[in-house]
Each structure stands twice: as structure tokens, then as C-alpha cells.
Amino acid sequence: MMLLVSLMAFWISASAPGDPVEILTNSGTAQGSSNNISVKKDIKDSLRNKLGLNKPLFYFSLNSLAECDTLHKIYDKLTRNTLSRLTAKYGNWKEIHAYYTAILNLQQKSLSLSADTLLLRCAADSADLMQKDEVNNSLNQIINETNSLLHTYEHNFIQTKIDSIKNIIYDQNYLNCFKAEADNLSESYMQMIANSTGWKNYVPVVRWHGLNSQYHQWLKNILLKGDFGISYTDGQPVITKIWNKFLLSSRLIIISIFLAYLISIPIGIASARRRGSWFEKTTGTILFMLYSLPGFFAGTMLLYWFANPDHWVWFPEGGSQPIDIDLSQMNFFERFAYQWPYMVLPIITYTYSSFAFISRIIRVSMLEVLSQDYIRTARAKGLSDNRVIYKHALRNALLPVITLFVNIFPAAVGGSVILETIFNYSGMGLAGFDAIRNYDYPMIVSLFTLSGFMTMIAYFVADLLYAFVDPRISY
Amino acid sequence: MAQIKNTPVFIILIAILTACGVKKRNLSENTAIIHIPVKPNGLHITNNYSGYRSFIFEFTQKTLLRMDIDSLKHVPVLAQNMPQISNDGKTYTFTLRPQAKWDDGSSITSEDVIFTTKVILCPLTNNPGVRGVFAAAIKSAHATDDKTVVFEMHDVSRNNLEVFTEMYILQRKFWDENNVLNSLSFEDLYKPETKTNPAYVKWFENFNNPDNSFKPEKLIGAGQYKLTEWQDESHIIVEKKKNWWGENIKGNHFFNKPDKIIFKIIKDDGAAYFAIKNQNIDATNRIATNKLIKLRELDYFNQNYQSAFVPQYAYNYIGFNCKPDGQKHKLLFTDKKVRRAIAHLIPIEDMIKIMYKGQAARQVSMVSPLKKEYNTELKLIEFNTDKAKQLLTEAGWIDSDGDNIRDKIINGEKIKFSFQMNYMVEGSGTKEMMLMIKDELYKAGIEMIPNPLDFSLFFKLAYEQDFDALMGAWLGSAAYEDPMQLWHTSQWAEKGANFCGFGNAQTDSLIEAINKELDDEKYLTLIKEFQRLVYEEQPYVFLFSPHAKVAIHKRFKAKIYSEKPNMLVGAFELINYSGSTQKPLTTQ
């Protein structure tokens, strides 16, 4: 099961949009120049090697005969996508590679030549500033169009860009030195179309990559080292980031769920015992009203009333602990005493909506159990009502509640985005939300894998509890 | 059994009661708590470059020069005086302050400065986003003695001084104990063999390690405060150093009045609002406009805090794709008449009034009206639907089929004037502004489809030039702003920040001339001319500059500034504050 979860998590990570290397090198804000581009490429190549992104994805790959088996070595994700789409369309990797090389040649040349060099070449070094800027302008247009070809795979778009490049080059004498590269680009594109072998896409080929694959490396790191990789947003180990937030979130969720059961079960039992009474009607109405209150509204209201100098300042307005007191030297109980006030309002917000749900389930379950023959027998034997309820009926009525209990563990990993935002409580919910917003896939995948793992643990615990409350169940 | 039934109620009541009662914050303590809305993505001295990193570095690190928040001029910090500039304008000589010392007592020397320069320029350092700025200015550096450093610059440029205000100096002995980089010359920095030299590769791998961005013991610097604690998403604490070397030096960059500064990270506006009400934050410049307006309605807030909406160096804009590919993105905005027509259709005054409650100022140029460079001759573009319609008709956009959407035959194809406008969902009130614009454009026969995107995707599409139009914002500063990055055609060609594709040979040459002009009068003429050209071409509709929202607790004597971060926290002087409030903090 965990293997399946890991496969799914890895698949999400590998097929996600965005390039981890781009994010890690902060390229989004980089200013370009030919020097910078090669510099960025060096760092990117080094990072790709470090992250193992230059390896094949899985132990084996199922490709078509047309596909290149080393495409993963191209560092730019969008370029890989372009080449992959061109392969799917034309099926002739040799010609596609020639076309790709022609683009790179033109790109390299246009980046390596400055306006001054071009003017010198056409013996116009006495040209005024204006003329130099015109050269620059043309050069920039060539660079832009060439770069965009690396990300273009539709015929009309490619043709327009190639025509545009050729027009610019043929229009100006000082761009003569680009003619060979431009002609080569145009020719290689025509060759790619003319020698199309689309049928190769229909011939499947299985390629074996062995243990030298990204998935193997990923799985090995998790299983042997507990290493989920590094976060794309700040380069920190994911496991370190998750652990602190997990502790914060899980203590809230566990206490909340414990309280929810502590309150809901007696209410459910009492409602079943006093079916149709004013107690059942009143608690039912109140609990359903609470159930219908959205968490963000209740949270804000709690802050408004109990953390606001306009009303009462009974609790802190947010955070998870006081920031002006050093808690690191304190023992668990001392620390908890400082942290507890920060947890009360979030816990209430987490908890109240569960009251109606759990108490109703207990009530229905209890009513069903109370109508059983063995309960009638117990009553007939003269046992007190409390003894019948708590000794004989409750254990059997708890079975559906145990099923609900399974949700606790994954919930501890999931956290709650809205409540953590309102109470400025940086737990797993906000971590997950930020990870999604920043395309931080190692974080997302780790949360996903942990959630799957916790669900399995929860089922295991639930199975043990079933056997505990109902001796008829055995494994 | 009754006891059992009541047990949960008792437990919960006791638990809640024990939690009740917030420990009252001691407002007489000399600790300043500053609100920041996001944690910095790291505090690596060379490799991280978020805005909040600079805010915190103001206290923990030092540069040779810095922009003074008060006079808005460059002032020496680690340097004894402003640099001596050679006649050709290409050599900058700095003399370091004799008293400048690292935490271990050793002097800050020219060796440290040269080491820092090498690290910043070396391609093996993971700082691609800023290296280009330094590399474009600095050619090399050498020492003439322990306290004198000479920088050779590539060219004469107004930008040259700016690079020294962002170069935080590293301690060579701490980062390179074995002096590995000593053998690396400036000439060798860019050689291919440097990138493969195992000793250098290993050193830089260690230097680029993310631990150096987060672990307090790695975040050392020459500043007056030392970073002592970083609790992930909660807070960052810096504490005043004892006997700091700059204590007796006068100047805004040498203040160390608060004993401790805590940067409290609060992402949600509502949570920040309650934190200010409870006086748990001493200063903020990132509270939402509507929240500060609400706070200013409270007497006790006004008694406890000084607050202001201050003009700042930032602007919001609508950008057009002036050089689209013509296929995925149609040729809608290639004609400047069309771009001007759109400018006439944006209800900027209404947007300021409704969304910013009047707390924003209009501008028609990329230069802030706060600067003397601002071209005051450029008139605000008035909201005028009729004029817009006329311009659109002149540009050939007419409603030929009576569907209320204008169209035009371009390259034999009938194109409807319908486009997507990208905007960031994170921006408060942006959606509402988009709807206001959409309504006005429709009245003139243009269909605009708002396209909400998250921050990363918005910029990804912008840099890929994959958009029709977009609404964005740039944050500037009082310092010299090089127009190259946003407006030079090279930045369009290489997919830089000129994603709108503005520019031609004339504007490029003007930008280069502006950068090289050191004579202030001539510079003013050139920059104003450049603004005029941008105004005429209208690649952007400059919307407005939202005011910064600043609140500072009155227990500190402090001043509010236009330049970010709008306050001088080091100069916060604790005064004998009575704490008298109408709504004092209550303990239950």
C-alpha cells in the first residue's frame, strides 16, 4: 500500500508544472545577459546533478520508437516539453535534434556578439550611437525570437518566428554573419517536416534504466535516511520543516478530537436515553446551529469577543506561544502552561462543529443497541439503568465512533488553513497551503505521503480498537 | 454516576479557566516588536534577497555605504567617508573605519571587503538574481593597505554607488578559515576551470548550504544587533551587542536604542489588527488600509499609537503586451493610440476613492512624484470614454457586426477586441478593481476577461511574455532606479523584466545615456525626456501609488518616513510612557 502511495506521490512530483531548478536558483527575478545565461546554466546543471534530476524517472520507461532515451538530460523543462511534442508529431528524433541544435547555434551566436562587434565587422565603427542602438534592437529581436523557439511546438508559430528571424537578418547588412545559422535553422525545420516518420510513435519500446533512476533515489532516501528532499522555497530539509509544524498541528487536533469525544459521547448517550425529551430537542437544536456555523466566522467571533480590548482580553489574539519568554529551557509542563492559552480559541473552533456529528452518531448507535435482546435481558435481570447503558450498551455503540476516529491521524497532518491563518498558528495547514502556492513539490509530496501513512496507522489502530470493544471481532 | 457525567464539563471548565488571563505585556521594557507579514526566504548574506532580509540586515549586517532614510543621500557606514572617485569615474577608493570590528574583536579589513566582492561575483555562488547587477558594475578590487580598498568599475554609471549600498560585508576568517579563495583572482572568477576546481567547488557548496540562511550561529555580521533566535513562521529576535564598535558614531545607521527587536510574523490582516489593538505589536508598515482606518477611529489606538498614511516609492500599473506573437496573443496593443484609449478608460480616481479610501496618489510615470526627477509637465490622463472611443476608431477598431465589441481586420483576419488581463489573486481589492475596469472597457466596446493567477504563475507568464495585458505593481525606493531593467529592449529579448516589449533604438540609447550621466542637471533633463517618451508610448497605464500604512507605538519616540521600511527602528527611543489608555489590557 505504501509503495502505491509513494508511486502516486512521486508521479505528482514528477509531472507537476514548474521547474524545481528554476525555483531553487531564484531565476524568476534574474536579469539576463549572455554571461548570466551561461552562469545560470552552470548552477542549474550542478543543482540538477545534486537533485538527481538528470536521471531517468523510473526503473523502466515505456516509450515509442520515436522518442529519445536521454531527453531527461535537457535541463529546461519547457524545452523538454517542446522536443517531446515535436517528437510526438514528427517521430524523427534525428531531424528534431538537428533542428534543436540549429536553434542553440543561433542562440549562442546572437548572445555572443555585441552590437560593437557587428558594427566593426561591417566596418561601420564610426557609426553614431543611434546606429549602434538600431543594431542592438535587431539583435534583441533575434535573441527573443530564438529563445521563444525553444518553447514553441505548433507549426504556424514556429514558421512565423523563423520567417521573422530571417526577415530581420536579411534586411540588414550588418547581420550577414547570422545568415548561415538562420538558413540552417530554416532548412533543419523543413527537413524535420519533410522526413516525418510519425509511424514510429506507434511502435512501443520498453527501456530499462535499472537502479539509476530518480524514483529509486527518492525511495532510497526516504526509506534509508528518512530524507524527503529539500524544500524548493528555502532549500531546507523538508522533514525538519514538517516536524515542527506537525507537532504544533497535531497537539491542537488531538486535544480537539479528545474534547469532541469527551463532550459528544455523553450528549449522544443522554439523547438516546431521553429520546423525545426537551433535553434531546434543546441539545439537538443548539448543536446543529453550531454545526452550521462556518469555522472562519466562529474563529473571528471568538477573537472579537475574547481577545479584543473592546470586550475581553481573556486569550492571546494569535500565535502558538509567547515570543518574549524563552521556553527552550523549560520542561514540558512549564512550556505547556505557557502555550495552553494560545490553544484554547483554536481548539474551540476546531471542536464545536464535531459535537453535533459525533453525538448524533452515538445517539443512533445507542438507540439501535438499546433495542437489542441482550439489553432487554440485562434490564430483566434487574440491573440498574446506568449499569445497562455504560457496562453493556456503550461498548457496542462505540463501533461507528471508532470508524470516525480513523480520521484523526490524517487530519493531524492536514491541519486547517483557515483557522491557522485566523489565529496566526503556523501548523501543517498553512505549510501545505504555502507549499501548493509556491509549487514546493517536495513539501506537497511529503505531506501526501505522510497523510497516507497516517491513514494506514489509523486503520491499524481502529482494527485493534474494534477487537477491544467487541470481543466477537478477531483477526 | 452523576459525578461521571459531570466530569467532562469540569475538566473543560478547569482547562479553560486555567488558560484565561493573558499575561500583560510589560510596556516599559525596551523591546520593540515589529510586524512583518511573511518570513524572509532566508538570511544568507549573499544568496537571499527578499525585502524583509534587507530590513533585518539593517540591524545585523553592515555595508560600505547606505542610503540614509532621512536625507535620502548616500552615507558612509563601514567606510570612513564617501569613496574617492578617480577622474575617469571608474575607480572608487574606500577607507574603512578604524574602529570597525567583528564580534570576535578582530578588525574589519580590506581583506574582508575583497573576499566579499569575490564571493558575490563568483558564478559558483548561488545568487543569480543579483549577481548580474554587481557584475555589471564591479570589475575587480584590490587593497592598498589593511583599511583601504580600491574598486575598479567597468564603466561610468550612476548605478556604481548603489551596488556598494547592497554589498553586506562577510568576515573572511569566519567563512574561509583556510583562505581557500585567496588564490582565486578576479580574472579567474569567470574562467571555466574555476567552476571545476574541486577546492573551489567544495568551498562554494558549503557556502551555498541552506543552513547558512537560517541558523543563527551562521548569521553573524558587523551590525549592532545579533540574531539570537528564529522560530520558523513565528518570530525572529535580534539582541543588542555589548560594546559594539559603532556606538559612538553619529548617524542613522548606528542607532541601537532598543535592547531587543522582535520581528513578529503575522500573515493575516485580521490577526495583525487584533495584535495592534492589544498593543502586542510596536510598529507595522504592512497593515491593510481598511484596518488602519478602523483603528484610527478608536480613541485608545490614537492615544497609544502614532499612525500615518505616507506616500511611498511604489506604483501599480496595467501593462500591455506591445510585441505579441500575433497568434496566441493577437496584435491588440501594438498601436499606441489603443494603449492611450485604454488609459482613458481606467477609472483611476474611483479606484483610489473606493478601494483605497483615498489613500493613494496618482502618477503618470515610472518615477515617483516624491523625487525631483519626476516630470511634472506630464499631465494626468483623464477618464474620458468619448475620447477613448474616438482613439479606438482612429486606430481602426470599430464595431462592424453590432455585437458591441469592436473588431478590426488584421492580416486578413477579423479580430475581436477581446483580451485577458492577468492579475495576482493575493492583492487585496484587485478583483474588485478588475471588475470596475471591465465595466468601463465594455462601455467602449472592449471585452476584458479578468484572469486571476497566483504570484508565481503571474510572473512566470509575464517573463515568458505569455499575456495580453496584466495588472501589477513595482516597489521602488528613493535610491537611483536604473531604467535598464524595466525598459531596455535587451530585457525583453532575454525575457527579463521588460515583459511588455517597450523600447526602440532611441529609448535604449537614452537609457544608456541616463546611466552614464553623472552631472545632475544633465541627468534630470535626460530622465525627464525618457519619462516623456514612455508617457507617449504608453506601454503601461500608471495607475497610482498606494500610501504606506504605518503605525508606531507612542512608548517609543520615533519618526515616520516615506522611504521603506518607513521607520528607523534602531532609533526607537523608549520614553517614560504612562500607558494610559481608555481600554487598557485586562487580566481576567
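In which loop of chain B is the place of Pro565(B)? The legends below take up this question and visit other spots in a predicted model.

**Figure 1. A cis peptide bond sits between Lys564(B) and Pro565(B).** Pro565(B) has its place in the loop that lies between strand E22 (556-557) and strand E23 (573-574) of chain B. The peptide bond joining Lys564(B) and Pro565(B) is cis, with an omega of about 5°. For comparison, most peptide bonds are trans.

**Figure 2. Six strands of chain B form an open sheet.** Read across the sheet, the 6 strands come in the order E14-E20-E13-E19-E17-E18, and their pairing is mixed. Strand E14 (360-361) and strand E18 (447-453) of chain B each have a single partner strand, so these two stand at the edges, with one side of each left without a neighbour in the sheet. What holds strands like these together? Strands of a sheet pair through backbone hydrogen bonds, and the pairing is either parallel or antiparallel.

**Figure 3. Strand E17 of chain B pairs with both E18(B) and E19(B).** Start with strand E17 (residues 418-424), which runs parallel to E18(B) and is joined to E18(B) by 7 bridges. Along this pair, Phe419(B) faces Met448(B) of E18(B), and Tyr423(B) stands opposite Pro452(B) in E18(B). To get from E17(B) to E18(B), the chain passes through helix H16 (residues 430-443) of chain B, and this β-α-β crossover is right-handed. Now turn to E19(B): E17(B) and E19(B) also run parallel, joined by 3 bridges. Tyr423(B) appears here again, with Met471(B) in E19(B) as its bridge partner.

**Figure 4. Helix H17 of chain B lies across three strands, E17, E18 and E19.** Helix H17 covers residues 455-463, and strand E19 covers 469-475. At what angle does helix H17 run to E17(B)? The angle is about 130°.

**Figure 5. Strands E8, E9 and E10 of chain B are linked by antiparallel pairing.** Strand E8 (residues 225-231) and strand E9 (residues 235-240) of chain B are antiparallel partners over 6 bridges. A hairpin of 3 residues connects E8(B) to E9(B), and Trp230(B) stands opposite Ile236(B) of E9(B). On to the next pair: E9(B) and strand E10 (residues 260-265) of chain B are antiparallel over 5 bridges. There, Val238(B) has Ile261(B) in E10(B) as its bridge partner.

**Figure 6. Ile261(B) belongs to the largest nonpolar core.** This core has 135 residues, and the members that touch the most other members are Ile34(B), Leu78(B) and Ile261(B). Helix H14 (residues 332-370) of chain A contributes the most to this core, giving 14 residues. Looking closely at Ile261(B), you can find its contacts with Ala32(B), Ile34(B), Phe59(B), Tyr225(B), Val238(B) and Val569(B), leaving aside residues up to four places away in sequence. A second, separate core has 60 residues, including Ile346(B), Ile348(B), Met484(B) and Leu543(B).

**Figure 7. Pro83(B) lies in a loop and is buried.** The loop runs between strand E3 (74-76) and strand E4 (84-85) of chain B. Why does Pro83(B) count as buried? Buried residues have 20 or more other C-beta atoms within 10 Å, and Pro83(B) has 21 such neighbours inside 10 Å. Setting aside residues up to four places away in sequence, Pro83(B) touches Tyr92(B), Thr93(B) and Phe94(B). Thr93(B) is 10 residues from Pro83(B) along the chain, with 5.2 Å between their C-alpha atoms.

**Figure 8. Asn424(A) and Asn179(B) each have a positive phi.** Most residues other than glycine have a negative phi. Phi is near 50° for Asn424(A) and near 55° for Asn179(B). Asn424(A) has its place in the loop between helix H19 (417-422) and helix H20 (428-437) of chain A. Asn179(B) is found in the loop between helix H6 (172-175) and helix H7 (192-196) of chain B. Which of them is buried, and which is exposed? Asn424(A) counts as buried because it has 26 C-beta neighbours inside 10 Å, whereas Asn179(B) has 11 and counts as exposed.

**Figure 9. Confidence in chain B varies along the chain.** Chain B has a mean pLDDT of 91, and 94% of its residues reach 70 or more. Over residues 582-588 of chain B, pLDDT stays under 50; the model has 21 contacts beyond four places in sequence for this stretch. The model's scores are ipTM 0.76 and pTM 0.84.

Notes: Residues are numbered from 1 along each chain as its sequence is written. Chains are lettered from A and ligands numbered from 1 in the order in which they are written. This is a predicted model: local features need pLDDT of at least 70, side-chain atom pairs count only at pLDDT 80 or more; totals for chains, interfaces and linings use all residues. Two strands pair if DSSP finds at least two bridges between them. Helices (H or I, at least four residues) and strands (E, at least two) are DSSP runs, numbered from the N terminus. Two residues are in contact if their C-beta atoms, placed from the backbone, lie within 7 Å. Axes are lines fitted to C-alpha atoms, for helices over the stretch in contact, and angles run from 0 to 180 degrees between N-to-C directions. pLDDT is the predictor's confidence in each residue, from 0 to 100. A crossover is right-handed if, with the strands pointing away from the viewer, the path from the first strand over the helix to the second runs clockwise. A residue is buried if 20 or more other C-beta atoms lie within 10 Å of its own, exposed if 12 or fewer, and partly exposed in between; C-beta atoms are placed from the backbone. A nonpolar core is a set of buried Ala, Val, Leu, Ile, Met, Phe, Trp, Tyr and Cys residues joined through C-beta atoms within 7 Å.
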